[in-house]
Amino acid sequence: MTFNKKDKSDAVLLELYKQLLYPRMIEEKMLILLRQGLIGKWFSGIGQEAIAVGSTAAMQASEYILPMHRNLGVFTTRNIPLKKLVAQWQGKLNGFTKGRDRSFHFGTQEHKIIGMISHLGPQMALADGIALADLIANREKATLVFTGEGATSEGDFHEAINVAAVWNLPVIFLIENNGYGLSTPINEQFKCKNLIDKAIGYGIEGFQIDGNNILEVYDTISSIAEEIRKNPRPVLVECLTFRMRGHEEASGTKYVPQDLFDEWGKKDPVRNYEDFLIAQNILTGQKITDIKTTFKTQIETEVESAFNEEEPSADVEGELNDMYYPHVPEVHEPKQQTKNVRYIDAITDGLRTAMIKHDNLVIMGQDIAEYGGAFKITDGFVNEFGKNRVRNTPICESAIVGASLGLSINGYKSVVEMQFADFVSCGFNQIVNNLAKTHYRWGEKADVVIRMPTGAGTGAGPFHSQSNEAWFTKTPGLKVVYPAFPADAKGLLLAAIEDPNPVMYFEHKYLYRSLNGFVPEDFYTIEIGKANTIRYGQQLCIITYGLGVHWALSYLDENPDISATIIDLRSLVPWDKEAIASAVKNTGKVLILHEDTLTCGFGAEIAAWIAEHCFEYLDAPVIRCASLDTAIPMSKPLEDSFLAKERLSESITKLLSY
């Protein structure tokens with residue numbers, strides 16, 4: 001192994017040695033504790049330290065780094081106290097996640113480190129969003145994100161690099177190629193000779209370096225970062241290294257041939273760099289002993305102190321509250337006159353109002369810029385607000401949702417348009433595992449709104465008509481709104497954008513151009529979680545939302561002899577239990593109506609809650625009226641038969657007969 005010191009001073013070379021040695025010694029201590037049964041799990045980076053340490057030392061302290069399991073050196077080089085790290089690993093209350101997550105699954109704004117989730121690849125898109133925020137704000141910064149050779153097979157790898165390339169984002173995508181994804185060798189993971197061969201497919205630069213040579217890592221990352229700060233663009237770096245321990249300690253290493261251990265053992269990054277410094281008369285045996293003695297004492301003290309820290313205690317209220325970023329909604333009443341507009345225009349007006357109010361708000365989606373979106377909701381926005389803030393995206397829902405979280409982490413707000421709600425499945429993981437859990441895990445907001453053009457009635461078939469809100473009402477950490485009227489569409493959209501938590505905003509496509517209403521022209525909000533009782537009656541109450549509201553209104557208009565209360569939920573998470581309880585008490589009979597399929601639709605949750613909390617007020621079973629448990633057909637006769645509206649009359653008659 002050849003080291004090139006270039007113009008580095010002896011002090012810099014020595015500091016790099018200390019930064020390299022420190023995580024190695026911490027790991028050696030952790031392995032002892034593991035054997036003693038004092039810690040439960042460990043992902044070892046022994047043999048790979050030069051990558052984490054060298055690249056982190058090359059980045060500016062104010063620049064974000066997104067590491068992986070085996071990157072202890074990132075955290076130590078950023079000077080995070082070991083006591084705090086051990087508390088995290090031990091699940092202590094004062095760890096970064098309060099005992100809620102393990103290992104390096106956390107972030108810290110103080111140290112500009114954003115940890116991974118277990119799905120590996122999704123963090124790469126977060127780096128895109130972080131870099132995009134810097135780019136829009138004209139900050140000359142680079143972002144560094146780690147991934148392993150195994151994760152290069154994931155779609156998230158492709159999507160994140162492709163977006164970064166198309167948008168010229170200053171991101172360094174660093175692949176740690178250590179030969180194995182758990183037990184799967186690289187010849188069973190990819191066919192190309194080298195992973196940097198992938199770079200040419202994205203039209204970006206790729207560099208392959210010796211990941212065990214700390215100076216080569218440091219110099220390469222320093223040079224790339226300096227360049228892309230001035231001339232923003234992504235770069236792919238493949239660091240060749242080897243994992244000297246198991247994927248995690250319990251998995252062992254029996255699947256690895258001994259000759260590979262022998263070969264890579266000679267390339268140990270700590271020992272080889274140590275030998276180089278001795279040859280340069282920068283280190284001596286005594287100095288090495290002194291450094292190790294100091295580190296050993298420090299490590300023992302910090303570990304012992306962390307072990308004595310407080311364990312988390314069960315606090316149900318605290319756990320529930322921490323699913324969401326603290327936010328006390330301020331309801332803004334409208335002050336200006338109203339205007340009669342279509343449902344779709346109310347959404348456009350809401351977006352425009354928010355874009356004017358928040359100069360850090362970015363809208364992203366397929367075809368939303370010059371084309372104005374599939375439904376023309378953002379038509380003209382690119383001329384009004386510029387392409388920096390109104391961004392066409394490639395067809396890559398996962399990367400764009402991930403980028404929205406990165407934008408939030410770096411001080412921006414975002415609205416992501418799913419071209420159709422059905423397509424959200426391609427970004428599902430980012431929503432339910434990243435957006436939804438980020439605050440609970442490490443206290444960071446996810447200031448993101450996902451717009452969901454939803455619903456049937458247009459003959460669009462199985463892939464453009466789903467009502468999939470129940471996918472998300474099940475997921476703690478998300479808020480879900482579903483307006484039925486133009487005024488609610490604008491007010492709830494503005495409330496969602498004001499809220500620093502992730503909000504799924506469902507807007508019904510059938511209502512876009514078929515429904516008009518009076519909408520205030522200025523800025524106003526409607527409280528998320530507050531239902532609207534739009535009709536009062538005595539015989540029954542109909543609890544519904546979205547297009548179901550209009551089905552209910554139409555039916556009652558056609559049957560004026562029926563006296564019914566209609567509750568438009570407007571919000572599904574949180575939902576207005578007080579309004580529902582009041583309606584149940586006043587009528588005694590409940591019909592829950594929604595467009596979604598019957599089984600496990602959101603109505604099931606409402607029905608269960610009423611049965612548990614309002615049973616004594618019921619004069620009949622709670623009845624659900626929903627769509628068939630099938631996919632949504634295209635043909636109008638079949639679609640009409642599918643929809644809940646087809647069974648509304650029968651359901652009401654059945655309920656009233658009790």
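## Pockets, cavities and a few odd residues

The lining of the largest pocket is made up of seven nonpolar, five polar and three charged residues. Keep in mind as you read that this is a predicted model. The pocket holds about 380 Å³ of space. Of the 15 residues lining the pocket, the closest to its centre are Leu320, Tyr324, Val573, Pro574 and Lys577.

Two of those names are worth a second look. The peptide bond that runs from Val573 to Pro574 is cis, and its omega is near -5°. If you want to find Pro574 in the model, go to the loop between strand S21 (571-573) and helix H21 (577-587).

**Spaces inside**

How many cavities of 30 Å³ or more turn up? The count is four. In the largest cavity there is about 70 Å³ of space. Two elements give two or more residues each to the lining of this cavity: helix H15 (397-409) and strand S13. H15 provides the largest share, with three residues. Residues lining the largest cavity include Gly365, Gln366, Thr393 and Pro394. Further along the chain, Val416, Glu417, Met418 and Gln419 are also among the residues of this lining. By type, the cavity lining splits into six nonpolar, four polar and two charged residues.

**A lysine tucked away**

Strand S13 comes up again here. It covers residues 413-417, and Lys413 is part of it. Is Lys413 buried or exposed? Its relative accessibility is 8%, so it counts as buried. So what does the side chain of this lysine reach? One partner is the backbone oxygen of Ile497, at 2.6 Å. Another is the side chain of Asp447, joined to the side chain of Lys413 by a polar contact of 2.9 Å. If you skip the neighbours within four places in sequence, Lys413 is in contact with His358, Asn360, Leu361, Val362, Asp447, Ile497 and Glu498.

**A helix that is mostly covered**

Now jump back towards the start of the chain, to helix H2 (residues 49-58). Why is H2 described as largely enclosed by the rest of the structure? Because nine of its ten residues are buried. Those buried residues are Glu49, Ala50, Ile51, Ala52, Val53, Gly54, Ser55, Thr56 and Ala58. Here is a handy bit of background: an α-helix has 3.6 residues a turn, so residues three or four places apart point the same way.

One of the buried residues of H2, Ala52, is touched by Asn71. Asn71 also touches Phe146 and Glu176, again not counting residues up to four places away in sequence. You'll find Asn71 in the loop between strand S1 (65-66) and helix H3. Its relative accessible area is 0%, so Asn71 is buried.

**Cysteines without partners**

How many disulfides does the count come to? Zero. Take Cys192: the closest cysteine sulfur, in Cys239, is 16 Å away from its own sulfur, and that is too far for a bond. Cys614 is in no disulfide either, and its nearest cysteine sulfur, that of Cys541, is 9.3 Å away. For comparison, a disulfide needs two cysteine sulfur atoms within 2.5 Å. As for their surroundings, Cys192 is partly exposed, with a relative accessible area of 23%. Cys614, on the other hand, counts as buried at 2% relative accessibility.

**Two positive phi angles**

Finally, meet two residues that have a positive phi without being glycine. Asn79 has a phi near 65°, and Lys112 has a phi near 55°. Asn79 is in the loop between helix H3 (72-77) and helix H4 (82-89). Lys112 is in a loop too, between strand S2 (107-108) and strand S3 (113-114). Which of the words buried, partly exposed or exposed fits Asn79? At 61% relative accessibility, Asn79 counts as exposed. Lys112 has 21% relative accessibility, so the word for it is partly exposed.

To wrap up, this table lines up residues from the sections above by how accessible they are.

| Residue | Relative accessibility | Class |
|---|---|---|
| Asn71 | 0% | buried |
| Cys614 | 2% | buried |
| Lys413 | 8% | buried |
| Lys112 | 21% | partly exposed |
| Cys192 | 23% | partly exposed |
| Asn79 | 61% | exposed |

Key
Residues are numbered from 1 along each chain as its sequence is written. This is a predicted model: local features need pLDDT of at least 70, side-chain atom pairs count only at pLDDT 80 or more; totals for chains, interfaces and linings use all residues. Side-chain values use heavy atoms; hydrogens and water are left out. Buried means under 20% relative accessible area, exposed over 50%, partly exposed in between (1.4 Å probe, protein chains only). Helices (H or I, at least four residues) and strands (E, at least two) are DSSP runs, numbered from the N terminus. On a 1 Å grid over the protein atoms alone, a cavity is a set of points where a 1.4 Å probe fits but cannot get out, and a pocket is an open set with protein on both sides within 12 Å along at least five of seven lines; lining residues have an atom within 4 Å of a point. Grid points are joined across faces, edges and corners, and a volume is the space filled by probe spheres set on the points. Ala, Val, Leu, Ile, Met, Phe, Trp, Tyr, Cys and Pro count as nonpolar, Asp, Glu, Lys and Arg as charged, and the others, Gly among them, as polar. A polar contact is a pair of N or O atoms within 3.5 Å; within protein, one must be able to donate a hydrogen and the other to accept it, and residues adjacent in sequence count only if both atoms are side-chain atoms. Contact means heavy atoms within 4.5 Å.
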